[in-house]
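Okay, everyone, thanks for coming. Let me put the structure up and then walk you through a few pieces of it.

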Amino acid sequence: MSGDAIRARVIDLIGDGGAEATELVGRIVASFLTRAPDLIDRFGSAAAAGDAADAAHWAHALAGAAGNVGATGLARIAADAERHALAGDPALRRDELDAALAQVRADLTTVMHDLATAR
Amino acid sequence: MPEQPLVLVVDDEATTLETLAYQIGQDFRVMTAENGPAALDALAAHGPFAAVVSDQKMPGMDGLELLEKVREKHPDTVRLLHTAQTELAVAVSAINEGKVFSFLCKPCPTDDMRRTVREAVDQYHTVLAEREMLERTLQTSLHALFSWMEMVNPRAFARAERIRDLSQVLCRELDLPYTWHIEVAAMASQLGAVTLPPTVMERLNRGFPLPDDEQKMTNALPEVAARLLHGIPKLDEVVDIMGALRATDPRRPDLPEEVPTAPATPPVSVLRAAIEYQALVGRGVTVEGALAILERNPDQDPTVLEALSRILGGVLGSENVRAVRVNELEVGMRIAEDVISVNGVTLVGRGVRVSPTLLERLIEVKRNAQVAEPILIDVSEEQTAHVG
């Protein structure tokens, strides 16, 4: 489950760092949630324009950013999109990416809320 | 409290960079760069860095290329590759071919990341400590070697010091960096003299013609020094300088003409001039005469000779010597003429600066009424100390 991986990653990052660490990791999560839609937009634009190299670049960035917060499902879709783009087939997977991101956003919000209330 | 080691993290993905800075920042000072060129700029401007953690896939310069440049420009900085699992082949190549310390798989658990970076920083400190120990050992060994030369052959030691000082002044005059390699080569240039019997040394110093067997012994002196230093870690450059000096040594008529000689580097030219000049004045040739002889030697570099002439021009006729007794000697004074014992043995060579150990030794010898007094001290330090 992607939600479990996200929880595990967030807990790993916070470690035993207390409220300060929770706040810092909260900032990293917020930064990801702000940046991810933009990355999907850029990937989408490049794919729509048939620019395979550019699409691969943005898909790679999205995969890295998603993996960084434990969003393994989104990371997998983005990595798959990157592979296709590198193979010269920048298939537009906008809906799939948007849906995965929506799930990640919900999972991250839940996890951060749980951790904040637990401390 | 010593400053925490500095670690550079490089990734073109902003949130990953932020996360790395957070993970590693718990143990070390961290700087971030968003691409290869920015990382190289940071390394040059804010180093030294103990470690650099780089993403592999970045536009423009990738991680491997960056880490290779780091290896070239900052060889002490320990390099780590932070890469996705799908890029395992790159990671293997980085370790096997790029000699990268370790690779970290994305997303890296915090404990693994911190432990690996700590190991990298430990590695950085170990290498630095080993080098420092080697340098200290080398320094101490050389000091022991030259102190031994001072005891065994004070005149050779004094000449070595004069060569060293003149080389330093020449480098300054020529705007060349005066490195420790030049200093050691200058001192070592007279090392072989310790193998000469005192009678031969005396004849050599006075410029008398030597019988064949003694000439052969004298000709072998550079080899003796080169053999002594050969194989000592970090002295390769010194041995190279000695080798270049030997290859065109004008006192080596036995060298076959076809011996290939590398073009003289500036340190070699400086030392060659300093050695020949000191050899000539040591035999009693005047400063003007020595310069004229040097100018006739095609192996001497005219630029160095012009510099030597400028230096000597400023001191000709300005020598100033004072006679003192042993109990008036002070640490730092420079001996103007050889100090000899009452039975004619040279105790200290001309040009040597009085060290606490030397002063102690002279006081001890004086206690046994063995020093010929007065001792002549060079008091025109600024003008003449370095040139002879």
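I'll go through a sheet, a helix pair and then the contact between chains.

Just so we're clear, this is a predicted model. Let's start with the sheet in chain B. It's an open one, 5 strands in the order S2-S1-S3-S4-S5, with parallel pairing. At the edges you've got S2 (29-33) and S5 (102-105), each pairing on one side only. From one strand to the next, the twist averages 20°.

Now look at S1, residues 6-10 of chain B: S1 and S2(B) pair over 5 bridges in the parallel sense. Within that, Leu6(B) has Arg29(B) in S2(B) as its bridge partner. On top of S1, S2 and S3 of chain B lies helix H2, residues 36-46, at about 140° to S2(B). Helix H3, residues 63-73 of chain B, packs on the sheet too, touching S1, S3 and S4, and its direction makes about 175° with that of S4(B).

Next, the helix pair. H6 (154-173) and H12 (266-282) of chain B pack at about 135°, axes 9 Å apart, so H6(B) and H12(B) count as oblique to each other. The crossing is right-handed. Among the contact residues are Ile163(B), Leu166(B) and Leu170(B) from H6(B), plus Val270(B), Leu271(B) and Ile275(B) from H12(B). By class, that contact comes to 10 nonpolar, 3 polar and 2 charged.

Last bit: which residues touch across the chains? We have 14 residues of chain B in contact with 18 of chain A. On the chain B side, helix H1 (14-24) gives the most, with 6 residues. That side splits into 5 nonpolar, 5 polar and 4 charged.

Definitions and conventions: Residues are numbered from 1 along each chain as its sequence is written. Chains are lettered from A and ligands numbered from 1 in the order in which they are written. This is a predicted model: local features need pLDDT of at least 70, side-chain atom pairs count only at pLDDT 80 or more; totals for chains, interfaces and linings use all residues. Axes are lines fitted to C-alpha atoms, for helices over the stretch in contact, and angles run from 0 to 180 degrees between N-to-C directions. Helices (H or I, at least four residues) and strands (E, at least two) are DSSP runs, numbered from the N terminus. Angles under 35 degrees count as roughly parallel, over 145 as roughly antiparallel, 65 to 115 as roughly perpendicular and the rest as oblique. A crossing is left-handed if the near helix is turned anticlockwise from the far one by less than a right angle, and right-handed if clockwise. Two residues are in contact if their C-beta atoms, placed from the backbone, lie within 7 Å. Ala, Val, Leu, Ile, Met, Phe, Trp, Tyr, Cys and Pro count as nonpolar, Asp, Glu, Lys and Arg as charged, and the others, Gly among them, as polar. Two strands pair if DSSP finds at least two bridges between them.
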